[in-house]
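Trainee: I have this model open on my screen and would love a close look at one part of it. Could you walk me through the sheet and the charged pairs around it?

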Amino acid sequence: MKKILVLLMLFVFAGNAFAINVYDKNGHKTGSYRKTSSGYDIIDRNGHKTGSLRKDFSGRITEYDRNGHRVKTYRYP
């Protein structure tokens, strides 16, 4: 549920943000989402790309792994 909430916040509220940092409950950075021209790249705490998020014309958000294979698709109303 938290992941879906983060995804919605990315595409709804962070339209012009360049990067969104993600922290755990103790305040340690666990990764970030970096805005690209086609969506967002998922970056781990070491700065390596671990996947990406893309939004299509119908409003679906698709998550891809680091090799470009589709992992999951989210749809919000």
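Mentor: Happy to; we will begin with the whole chain and then move in on single residues.

Please keep in mind that this is a predicted model. The chain holds one helix and six strands, and reading from the N terminus the order of elements is α-β-β-β-β-β-β. Of its 77 residues, 26% count as buried. The accessible surface of the chain is about 5700 Å², and carbon and sulfur atoms account for 52% of that. If you look at contacts between residues at least 6 apart in sequence, 14% of them join residues at least 24 apart.

Now to the sheet. Six strands make up an open sheet, arranged in the order 1-2-3-4-5-6, with antiparallel pairing. At the edges you find strand 1 (19-23) and strand 6, each of which pairs on one side only. From one strand to the next, the twist averages 20°.

Let's go to strand 2, which covers residues 29-36 and includes Ser 32. Is Ser 32 buried or exposed? Ser 32 has a relative accessible area of 10%, which is under the 20% cut-off, so it counts as buried. What does Ser 32 touch, apart from its neighbours within four places in sequence? Its contacts are Ile 20, Asn 21 and Val 22, together with Asp 41, Ile 42 and Ile 43. Take Val 22 from that list: Val 22 and Ser 32 are ten residues apart in sequence, while their C-alpha atoms are 5.3 Å apart in space. Ile 20, Asn 21 and Val 22 fall within the range of strand 1 (19-23).

On to the pairing of strand 2 with strand 3. Strand 3 spans residues 39-44, and six bridges join it to strand 2, the two running antiparallel. One pair to find on your screen is Gly 31 with its bridge partner in strand 3, Asp 44.

Asp 41, one of the contacts of Ser 32, brings us to the charged pairs. Its relative accessibility is 8%, so Asp 41 counts as buried. Which residues pair with this aspartate? Asp 41 forms a salt bridge with Arg 34, where the closest N and O atoms lie 3.9 Å apart. Arg 34 itself counts as partly exposed, at 34% relative accessibility. Asp 41 also meets the side chain of Arg 54 in a salt bridge, at 3.7 Å from N to O. Because Arg 54 sits in strand 4 and Asp 41 in strand 3, this second pair ties together parts that are 13 residues apart in sequence.

By the rule used here, the count is four salt bridges. Another of them joins the side chains of Asp 56 and Arg 60, with 3.0 Å between N and O. Both ends are partly exposed: Asp 56 has a relative accessibility of 25%, and Arg 60 has a relative accessible area of 37%. Elsewhere, salt bridges with shared partners link Arg 34, Asp 41, Lys 49 and Arg 54 into one network.

From Arg 60, step back to Gly 59. Gly 59 has its place in the loop between strand 4 (49-55) and strand 5 (60-65). Although it is in a loop, Gly 59 is buried, with a relative accessible area of 13%. Where does Arg 75 lie relative to this glycine? The two residues are 16 apart along the chain, yet their C-alpha atoms are separated by 6.7 Å.

Arg 75 falls in strand 6, residues 70-75, which runs antiparallel to strand 5 and is joined to it by five bridges. Within this pairing, Tyr 64 has Arg 70 of strand 6 as its bridge partner. Strands 5 and 6 form a hairpin with four residues between them, and in that turn Gly 68 has a positive phi of about 90°.

To pull this together on your screen, start at Ser 32, buried in strand 2, and go to its contact Asp 41. From Asp 41, follow the salt bridges to Arg 34 and Arg 54. Then finish at the hairpin of strand 5 and strand 6, with Gly 68 in its turn.

Notes:
Residues numbered from 1 in each chain as written. Predicted model: local features only at pLDDT ≥ 70, side-chain atom pairs only at ≥ 80, totals over all residues. Heavy atoms only, no water. Buried < 20%, exposed > 50% of the residue type's maximum accessible area, 1.4 Å probe, protein only. Contact = heavy atoms within 4.5 Å. Pairing = 2+ DSSP bridges. Areas by Shrake-Rupley, 256 points an atom, 1.4 Å probe, with all protein chains shown as cover. Axes fitted to C-alpha atoms, helices over the stretch in contact; angles between N-to-C directions.
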